[in-house]
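I opened this notebook to record how protein and DNA meet here. I also wanted one look at how helices pack.

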2 protein chains.
Amino acid sequence: MTGGAEETRLAAELIAVVVAANEAAPRILTVEDGKALPSGPFESGHRSLQSGLRAWVEERTRHPLGFVEQLYTFADRDRMVGGGRRRTISISYLGLAREAPTAPGTGASWQDWYRYFPWEDRREGEPAAIRTVIAPALGAWAKSGDGAPLRRERAERAAIAFGLNHQAWNEELSLQRYELLYETGLVPEAGEAAGRAGAPGAPMLHDHRRILATGIARLRAKIKYRPVVFELMPPAFTLLALQRVVEALAGVQLHKQNFRRLIARQELVEETGGMIAETGGRPARLFRFRRAVLRERAVAGTKLPLAPAR
Amino acid sequence: MTGGAEETRLAAELIAVVVAANEAAPRILTVEDGKALPSGPFESGHRSLQSGLRAWVEERTRHPLGFVEQLYTFADRDRMVGGGRRRTISISYLGLAREAPTAPGTGASWQDWYRYFPWEDRREGEPAAIRTVIAPALGAWAKSGDGAPLRRERAERAAIAFGLNHQAWNEELSLQRYELLYETGLVPEAGEAAGRAGAPGAPMLHDHRRILATGIARLRAKIKYRPVVFELMPPAFTLLALQRVVEALAGVQLHKQNFRRLIARQELVEETGGMIAETGGRPARLFRFRRAVLRERAVAGTKLPLAPAR
DNA sequence: GCCATTATGCTTCCCGTGAGCATAAGCCTG
DNA sequence: CAGGCTTATGCTCACGGGAAGCATAATGGC
């Protein structure tokens, strides 16, 4: 059956969500003036999907990708790229790296990821746009549903996704939030109402912003049980720097003392012996990641505290 | 770059891990006399990968798939199926269903999943084969490593994967276990030593047993935080029946009272009002799944207790 | 020297989980 | 028909981790 007569021509494409981070914000590698994620064809020379992606990204960033993980494979019919009769299968990956200057002329650049998802950053509390724009729009959408059950379901979905009413904010729901905004026409990618008052945040080409949302969700979930944050850290760092990076990724503030306790108890780091005179305040000790835990706890749990501060 | 001259021809294939379960064991849908997972080409008529898979499986089992989730996409070069110059991309899915008679003539049949992974069933304690065959073989493999660090690393990997020494058994590591057995040549799929004393369990064609191991790992992880078990249950069931199914999936015995407490506290089920006169013992109440939780907790946590009994 | 700022150590409270003890309700056996 | 066996259910207790706060130690800036 595989070789039918009316065979569709297939193409395969790799799309990468490459994440780096500093204490201020997570950064993602983009192309086309920040409007697309890096992507490239899956070529016959590639040994496997993952090695293809690795080679491809490292060529551009000149920096090795530490951690790489497959995100999702899409092949929706309405997703045909390039306009031909060719069906494209897109395989997306999440990769972690350290930020380094991009090769000039490639159009590649690093961007703050909250530029695309302003509503995902709650480190300074709930962004105003949620209350002034998003919540009202979702409320209207819920009310416009046919029949009470549908209306209730919509209101409930919105409340869970955006932590409205008395629901708690769940930082891992970034994909659901984007999908909800897409479904309700609040992001320009949905086409419908480019003029209408929509959600804030820069759009991307194709469905790249959705893929980015998938990557954010995956990474936010992952940092809670695997020591992957360290892939984003410099060789030596203070505990506060580590906390700031985790907070930047999660988009939430953490309780300092508990964060330190958890890191300490799990023996994730060891002192380098050095100290650093920060910008005011008592000097902090420098730590490095204990590479050994990658072997010891190859799979076991390594939880990061995600309890809100204050 | 997408349309190069020396273009590799691509084919895409969908592979399904379809799981059902009874109180005795989880069951998987197979073809070719239990030696392969159902798979089929991804056709141009399919709207999306998932809808393609759904249509395809439902046609064969005549039963709707409740829950469907993408597992992984492979395209390793050494995985070329069919021998041609054609590169195959395989997209695997996990699906949950209720067991129903398979359509005759299709070669499809349901199989106990522990037939392929005897070492994954610890409901009656550690299977003898681990102590008599697997642990010694892994021990020899570890000792044969070049250099002390490699030997230590190997011993550690084996201990973590199979819960040797003082390590706790982690039921979610089914994929790592299979990969370890593959790497050490203990499963016939590895080719090397078909004659040597290997691990027990029926092999499968291609890399299907590895895909099944991936599905098992995913499902075992999933039942802990999402109410997916109910997709496998009949409309009404006793709490013990529910527990038995969870135990069958996890391959571990659970503490009865705690299991009930957790189910009760989360309000996952409601009484149907009926009772059932079991095989001896006090009659049990019948319950049904509260569909409402799917909306209420569309994403929040729904944990199943996986604490060992006794 | 006093203040602002950050680093660190410890303590308390609360809740979920892991384990058992005890009782209720049928069925089966002698 | 009583006693024993088996499964259903209710409850208690102890422990450990997580969430919040209080308190003290170092520095640099005024």
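I began with the makeup of the DNA side for strand D, keeping in mind that this is a predicted model. Of the atoms of DNA strand D within 4 Å of the protein, I found that 55% are sugar or phosphate, and the rest belong to bases.

Next I listed the protein neighbours. There are 24 residues around DNA strand D. Those that come nearest are Gln257(A), Arg265(A), Arg282(A), Lys256(B) and Gly281(B). I sorted the surface near strand D by class and got 10 charged, seven polar and seven nonpolar residues.

Which elements supply at least two residues each to this surface? I noted α7 (256–265) of chain A, and from chain B both α7 (256–265) and β8 (284–289). The most comes from α7(A), with five residues.

Then I looked up individual polar contacts to strand D. The side chain of Gln257(A) places an N or O atom 2.6 Å from a base nitrogen. Two chain B side chains go to phosphate oxygens instead: Lys256(B) at 2.5 Å and Arg285(B) at 2.9 Å.

I moved on to DNA strand C. I counted 23 residues around strand C, and Lys256(A), Gly281(A), Gln257(B), Arg265(B) and Arg282(B) come nearest. Sugar and phosphate make up 55% of the strand C atoms that come within 4 Å of the protein. By class, the surface near strand C holds nine charged, seven polar and seven nonpolar residues.

Which side chains reach base nitrogens of strand C? I found a polar side-chain atom of Arg261(B) at 2.9 Å and one of Arg282(B) at 3.0 Å. On the backbone, an N or O atom in the side chain of Arg260(A) is 3.3 Å from a phosphate oxygen. Two or more residues of the surface near strand C come from each of α7 and β8 (284–289) of chain A and α7 of chain B. Here α7(B) gives the most, with five residues.

Last, I checked what α7(A) packs against. The axes of α6 (residues 239–250) of chain A and α7(A) come within 11 Å and cross at roughly 105 degrees. So α6(A) is roughly perpendicular to α7(A). From α6(A), the contact uses Leu239(A), Leu240(A), Leu242(A), Gln243(A) and Val246(A). From α7(A), it uses Lys256(A), Phe259(A), Arg260(A) and Ile263(A). I classed the residues of this contact as six nonpolar, one polar and two charged.

Technical notes. Residues are numbered from 1 along each chain as its sequence is written. Chains are lettered from A and ligands numbered from 1 in the order in which they are written. This is a predicted model: local features need pLDDT of at least 70, side-chain atom pairs count only at pLDDT 80 or more; totals for chains, interfaces and linings use all residues. Side-chain values use heavy atoms; hydrogens and water are left out. A residue is near a molecule or strand if one of its heavy atoms lies within 4 Å of it. A polar contact is a pair of N or O atoms within 3.5 Å; within protein, one must be able to donate a hydrogen and the other to accept it, and residues adjacent in sequence count only if both atoms are side-chain atoms. Helices (H or I, at least four residues) and strands (E, at least two) are DSSP runs, numbered from the N terminus. Ala, Val, Leu, Ile, Met, Phe, Trp, Tyr, Cys and Pro count as nonpolar, Asp, Glu, Lys and Arg as charged, and the others, Gly among them, as polar. Axes are lines fitted to C-alpha atoms, for helices over the stretch in contact, and angles run from 0 to 180 degrees between N-to-C directions. Angles under 35 degrees count as roughly parallel, over 145 as roughly antiparallel, 65 to 115 as roughly perpendicular and the rest as oblique. Contact means heavy atoms within 4.5 Å.
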